[in-house]
Amino acid sequence: MRTYELMIIIDPEVDERTVGETLEKFLQPIQEDEGSSVEVDIWGKRRLAYEINKRFEGIYVVLNLTTSPQAAQELNRKLGLAEFVMRTKLIRPDAK
């Protein structure tokens, strides 16, 4: 099991109150994986540094995951295919 950080930028037209519920269906396989954990931190609507898909704002969400590499890559792939997701960035923080 490894630790990952996944940042997601969601379309600002999605209701902020439903973001957590919407992400739950994507997180089900990760949470069911043995020994994995997920922490969801919703930052809310913020101004983007540059225009993405003709939008200047986005809803930022940060996920801290402890899971297998295959499960993390699959989650990143599925979120990249979702219409309401503008950008994703999956990183592995340095272990010190």
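**Exercise 1. Are F26 and F84 buried or exposed?** Then describe how the two rings are arranged and where they sit in the chain.

Solution. The model is a predicted one.

Step 1. F26 is buried, and F84 is buried too.

Step 2. The protein has two aromatic pairs. One of them joins F26 and F84, with 5.9 Å from centre to centre and 55° between the planes, and is tilted.

Step 3. F26 belongs to helix 1, and F84 to the loop between helix 2 and strand 4. They are 58 residues apart, and the pair links distant parts of the chain.

**Exercise 2. Classify the pair formed by W43 and Y60, and give the accessibility class of each residue.**

Solution. Step 1. The ring centres of W43 and Y60 are 6.3 Å apart and the planes meet at 15°. Planes under 30 degrees apart count as stacked, so this pair is stacked.

Step 2. W43 is in strand 2 and Y60 in strand 3, 17 residues apart; this pair also links distant parts of the chain.

Step 3. Buried means under 20% relative accessible area. Y60 has 13% and is therefore buried. W43 has 38% and therefore counts as partly exposed.

**Exercise 3. Determine the order of the secondary structure elements and compare the overall dimensions with the globule rule.**

Solution. Step 1. The protein has two helices and four strands. Along the sequence they follow the pattern β-α-β-β-α-β.

Step 2. For 96 residues, a compact globule would have a radius of gyration near 12 Å; the protein has 13 Å, so the two agree.

Step 3. The C-alpha trace spans about 40 × 30 × 20 Å along its principal axes.

Step 4. Of the 96 residues, 38% count as buried. Among contacts with a separation of 6 or more, 73% are between residues 24 or more positions apart.

**Exercise 4. Examine the geometry of helix 1 and find what its buried side packs against.**

Solution. Step 1. Helix 1 has 14 residues and reaches 20 Å from its first C-alpha to its last, close to the expected 20 Å.

Step 2. The helix bends by about 55° at F26, and the proline P29 follows within four residues.

Step 3. V19, L23, F26, L27 and I30 are buried in helix 1. The buried residues of this helix pack against strand 1, strand 2, strand 3 and helix 2.

**Exercise 5. Describe the nonpolar cores and the elements that build the largest one.**

Solution. Step 1. In soluble globular proteins, nonpolar side chains tend to be buried together.

Step 2. The largest nonpolar core has 22 residues, and the members that touch the most others are I8, L63, L75 and L79. Strand 1, helix 1, strand 3, helix 2 and strand 4 each give two or more residues to this core. Helix 1 supplies the largest share, five residues.

Step 3. Take L63 as an example. Beyond four places in sequence, L63 touches Y4, E5, L6, I8, L27, V38, E39, V40 and L75.

Step 4. A second, separate core has five residues, including L48, I52, Y60 and M86.

**Exercise 6. Contrast F56 and T67, which are both in strand 3.**

Solution. Step 1. F56 has a relative accessible area of 45% and is therefore partly exposed. T67 has 0% and is therefore buried.

Step 2. Neighbours up to four places away in sequence are left out. F56 then touches R46, R47, L48 and E51. T67 is in contact with M1, R2, Y4, I30, D33, S36 and A72.

Step 3. As a distance check, F56 and K78 are 22 residues apart in sequence, and their C-alpha atoms are 24 Å apart in space.

**Exercise 7. What is the phi of N53 and of K54, and where do these residues lie?**

Solution. Step 1. N53 has a positive phi of about 55° although it is not a glycine. K54, also a residue other than glycine, has a positive phi near 60°.

Step 2. N53 is placed in the loop between strand 2 and strand 3, and K54 is found in that loop as well.

Step 3. Exposed means over 50% relative accessible area. N53, at 57%, therefore counts as exposed, and K54, at 72%, therefore counts as exposed.

Notes. Residues numbered from 1 in each chain as written. Predicted model: local features only at pLDDT ≥ 70, side-chain atom pairs only at ≥ 80, totals over all residues. Heavy atoms only, no water. Buried < 20%, exposed > 50% of the residue type's maximum accessible area, 1.4 Å probe, protein only. Contact = heavy atoms within 4.5 Å. Core = buried A, V, L, I, M, F, W, Y, C linked by side-chain atoms within 4.5 Å. Expected span 1.5 Å × (residues − 1). Bend = angle between axes of the 7 residues up to and from the residue. Phe/Tyr/Trp six-rings, centres within 6.5 Å; stacked < 30°, edge-to-face > 60°. Rg over C-alpha atoms; globule rule 2.2 N^0.38 Å.
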